[in-house]
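Colleague: Before the terms are applied, I should like to see the model itself, and then to ask how each label is justified.

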Amino acid sequence: MSVLAGLWEPFATFGFMRRALVASITLGMGAGPVGVLLQLRRMSLIGDAMSHAILPGAAVGFLAAGGLSLTAMGLGGIAAGLGVALLAGLVSRRTHLAEDASFASFYLTSLALGVLIVSARGSNIDLLHVLFGTILAIDGPALYLMAGITTLSLFLLSLIWRPLVMECVDPGFMRMTGSRGALYHMVFLFLVVINLVAGFEALGTLMSVGMMMVPAATARLWTRRLVPMMALSATVGMLAGFTGLLVSYHFRLAAGPCIILTCSAAYLFSLLASPAGIRAGGGSSPFRSH
């Protein structure tokens with residue numbers, strides 16, 4: 001088999017591989033830019049917490065559909081993730097707890113509740129699919145949902161671009177000038193939730209945040225300019241999806257972990273070879289918004 005045949009044969013032969021590839025590309029396009037902003041706002045761990053918070057809603061969708069309906073589970077995950085985001089924000093404003101502490105408390109509760117629901121009403125195979133994803137089982141409705149999430153994400157990012165960047169640079173300035181910083185913050189959390197749900201459709205609740213954060217960390221090592229950083233993050237995610245699917249097909253490995261490990265390989269290479277990597281001596285570089 002030639003190299004070109006090895007690259008294209010899985011996608012030309014099998015429909016489920018083509019759908020998985022489209023899902024990976026769609027996920028990379030939407031999650032990459034959101035992941036960059038999460039890192040610049042120092043909210044990476046909150047993104048991880050949110051990826052677990054969607055599990056109860058996905059479990060309820062699983063029960064309502066009587067099985068692994070990715071569309072029903074995705075809609076349930078959006079509802080649960082937004083609910084946790086609103087509750088954590090409310091608690092952090094009404095108590096002395098920081099927002100990350102509120103998220104940690106709610107996400108642990110959500111994770112336990114979701115696992116309990118799925119394990120009580122489903123099989124161990126169902127639980128594994130929920131936790132680790134079913135990218136090779138992506139169907140048409142799930143692809144439409146993921147494409148809609150990516151389109152909405154890019155549209156909202158373009159709409160509130162300036163205040164989001166300002167919050168990254170100087171959140172105190174937004175509060176001092178009376179700008180609607182809280183509103184933009186909630187819109188941003190909404191973007192995080194829906195992109196994590198898109199990742200959940202493909203990679204499961206335990207790895208959905210990987211497609212968002214690892215390409216973003218990789219891109220940040222190569223450029224200080226914000227727009228190229230977002231474009232590079234999306235590109236790394238899309239290429240990792242393509243490469244990970246090929247590795248999983250030819251070596252008969254699980255597709256989701258192969259995709260995330262491909263992202264990790266790009267990150268490790270960047271640590272060694274990029275201008276801001278280990279050779280540069282460490283330290284976080286400021287970024288440029290244009």
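Colleague: How many disulfides does the rule count here?

Modeller: The count is 0 disulfides, a disulfide being a pair of cysteine sulfur atoms within 2.5 Å. This is a predicted model, in which local features need pLDDT of at least 70 and side-chain atom pairs count only at pLDDT 80 or more, while totals for chains, interfaces and linings use all residues. Residues are numbered from 1 along each chain as its sequence is written, and side-chain values use heavy atoms, with hydrogens and water left out.

Colleague: Why is Cys-258 not in a bond?

Modeller: Because the closest cysteine sulfur, in Cys-263, lies 11 Å from that of Cys-258, the two are too far apart for a bond. Cys-263 is accordingly in no disulfide.

Colleague: What makes Cys-263 buried or exposed?

Modeller: Buried means under 20% relative accessible area, exposed over 50%, and partly exposed in between (1.4 Å probe, protein chains only). Cys-263 has 0% relative accessibility, so Cys-263 counts as buried. Cys-258, at 10%, therefore counts as buried too.

Colleague: Which residues of helix α1 are buried, and why are they said to line one face?

Modeller: In α1 (residues 3-13; helices are DSSP runs of H or I, at least four residues, numbered from the N terminus), the buried residues are Gly-6, Pro-10 and Phe-11. Down the axis of α1, they fall within an arc of 115° (taken from the directions from the helix axis to the C-beta atoms), so they line one face. The face turned away from that side carries the exposed residues Leu-4, Trp-8 and Ala-12.

Conventions
Helix = DSSP H or I, 4+ residues; strand = E, 2+ residues; numbered from the N terminus.
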